[in-house]
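Biologist: Could you take me through some of the loops in this protein, one residue at a time? I'm new to this, so plain words would help.

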Amino acid sequence: MTSILKTAAAGLVGVSMLMASSAIAAPLNAAQKTQLKANVDAYTPQMNEAALKIWDYAELGYLETKSTVVLQDQLKAAGFTVKAGVADEPTAFVASFKQGKGPVIAILAEFDALPGLSQAAAPTKTPRPETDNGHGCGHNLFGAASVAGAVALKEWMIQNKVQGEVRVYGTPAEEGGSGKVYMVREGLFNDVDVTLHWHPGNENSARQGTSMANISGKFRFRGKSSHASGAPWAGRSALDGVEVLDTAANFMREHIPDGTRIHYVITNGGKAPNVVPDFAEVYYYVRNSDPKIVVSVMDRIKKAADGAAMATETTVEFEQTGGVYNLLPNDVLGKVMHDSLTSVGGITWTPEETEFAKTLAKSLNGGGGDLASVGKVQSYAPADTKGGVGGSTDVSDISWVTPTVGLSTATFVPGSAGHSWQNVAAAGSSIGLKGAAVAAKTLSITGAELFMNPKLIADAKAELNARRGDGFQYKAMVGDRKPPLDYRKAGGAE
């Protein structure tokens, strides 16, 4: 089991070295911010090309073979050294540009799609016949904008003779595959000073918050097949085992800590009604803002699965496919990112984009949100640590081993729900691309601010140590298993 321990003392020593080696030791000035934004503008055609290609490919977690090549090729062309297939993940990569000794700033890039969200770049529901998948979380924009921000930052480093290293981490399978967890477990973030990321959203905001820890996995029941009418007594239904487990889990909901989420889908329930199924599979998620509660509740579901197998005279096995911590926010970095986002500003839509948004908004509950809000930057507030939002992310594990900060930009039509066809439509349109450009500029300016001011890095590390507590040792919630490269296999693995 890989363990990672960073102390405040080590962080301060590292920062003192950075101050000695940095070529610039003053806050980022307006001219340099303009320079960074111009660098992104110059790279926007390549960014848009990458985003639309990845949107079109719509590849699922650990299967993003074409999408990862698009990003790797752009980084190589921009002068980055790329190492592919890291952490036993064929589509993962780490790209690096280094100029002398200085801070190591990481930028995360995602690129996996979701199943069952096929949709054209149209404001009305229009599935694409060539695929069942879609970028309902906008990861096509995420990956492309992160690369654009990194390239702009690299050019600025050369232009201003700034010492340090910028890295792009190509992270597969965020949607349930916990791709980043294996990269953390492998030690790939051990020497990173700060990690930057962003996510497509409904508004422009650098407010920091937490998320829900999560364990996911598949329960596979095996029984004995027989004729469902001619000799049902000879069979033992694996589907019965799944359904007894689901019933037990649903009764359990009353007796678990508040804020816990349990959800599941039956991924294989048999092939024909007249055959007692000898194999069935159900895919479970458990979430809570406290990782310890997540582990406890999943352990109870495992016991329910054993009971279901006993009751139906079947057997059951469990494969954990994912497991992530809750996100640790960082106010020191959040304020820097908010200032960077404010300097970039909001988004202006063309009349055609506004009409697209108005048409799409008709499909949203309540007619959607305030379309004019995309032109604004939301105010900053202290980090919310009281409870996680509804989702989980494998960025969380990174946030426990290195100071981490993110933002969202208005790439979707306000009021759109996450993981929806409406998001897929916007992510493949110029609305999504404009939001991605704002993200790329904000990432590059934030990175430059950190290169210029090593004290910010020291303060961010001190905040991280305070939030996670003394003596923290990272231990992956996925244990020592290898990445589940086939977790998106349809219908389960018999």
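Modeller: Here is a walk through four loop residues, with a word on confidence first.

Keep in mind that this is a predicted model. The average pLDDT over the protein is 92, and 93% of the residues score at least 70. Residues 1-24 are another story: the pLDDT there is below 50, although this stretch does have 50 contacts in the model beyond near neighbours in sequence. Where pLDDT is low, the predicted coordinates shouldn't be read in detail.

Now to the loops, beginning with Pro 414. You'll find Pro 414 after strand E12 (404-410) and before helix H11 (421-427), in the loop between them. Its relative accessibility is 4%, so Pro 414 counts as buried, the cut-off being under 20%. What does Pro 414 touch, if we skip its neighbours within four places in sequence? One part of the answer is a run of glycines and others: Gly 368, Gly 369, Asp 370 and Leu 371 are among its contacts. Ser 373, Val 374 and Leu 364 are also on the list, along with Trp 349 and Asn 202. For a sense of scale, take Asn 190: Pro 414 is 224 residues from Asn 190 in sequence, and their C-alpha atoms are 38 Å apart in space.

Next up is Ser 118. This serine sits in the loop that runs between strand E4 (114-115) and strand E5 (133-134). Ser 118 has 11% relative accessibility, so it counts as buried too. Look at where its side chain goes: it reaches the backbone nitrogen of Arg 128, at 2.7 Å. Leaving out residues up to four places away in sequence, Ser 118 touches Arg 128 as well as Pro 127, Thr 131 and Asp 132, plus Asn 133 and Gly 134.

The last two residues are about backbone angles. Most residues other than glycine have a negative phi. Ala 87 isn't a glycine, yet its phi is positive, near 55°. Ala 87 belongs to the loop between strand E1 (81-84) and strand E2 (93-99), and it counts as buried because its relative accessibility is 9%.

Ser 178 also has a positive phi, near 55°, and it isn't a glycine either. To spot Ser 178, go to the loop between strand E6 (164-171) and helix H5 (179-185). Is Ser 178 buried or exposed? With a relative accessibility of 5%, Ser 178 counts as buried.

Terms used. Residues numbered from 1 in each chain as written. Predicted model: local features only at pLDDT ≥ 70, side-chain atom pairs only at ≥ 80, totals over all residues. Heavy atoms only, no water. Helix = DSSP H or I, 4+ residues; strand = E, 2+ residues; numbered from the N terminus. Buried < 20%, exposed > 50% of the residue type's maximum accessible area, 1.4 Å probe, protein only. Contact = heavy atoms within 4.5 Å. Polar contact = N/O pair within 3.5 Å; in protein donor to acceptor, adjacent residues only side chain to side chain. pLDDT = per-residue confidence, 0-100.
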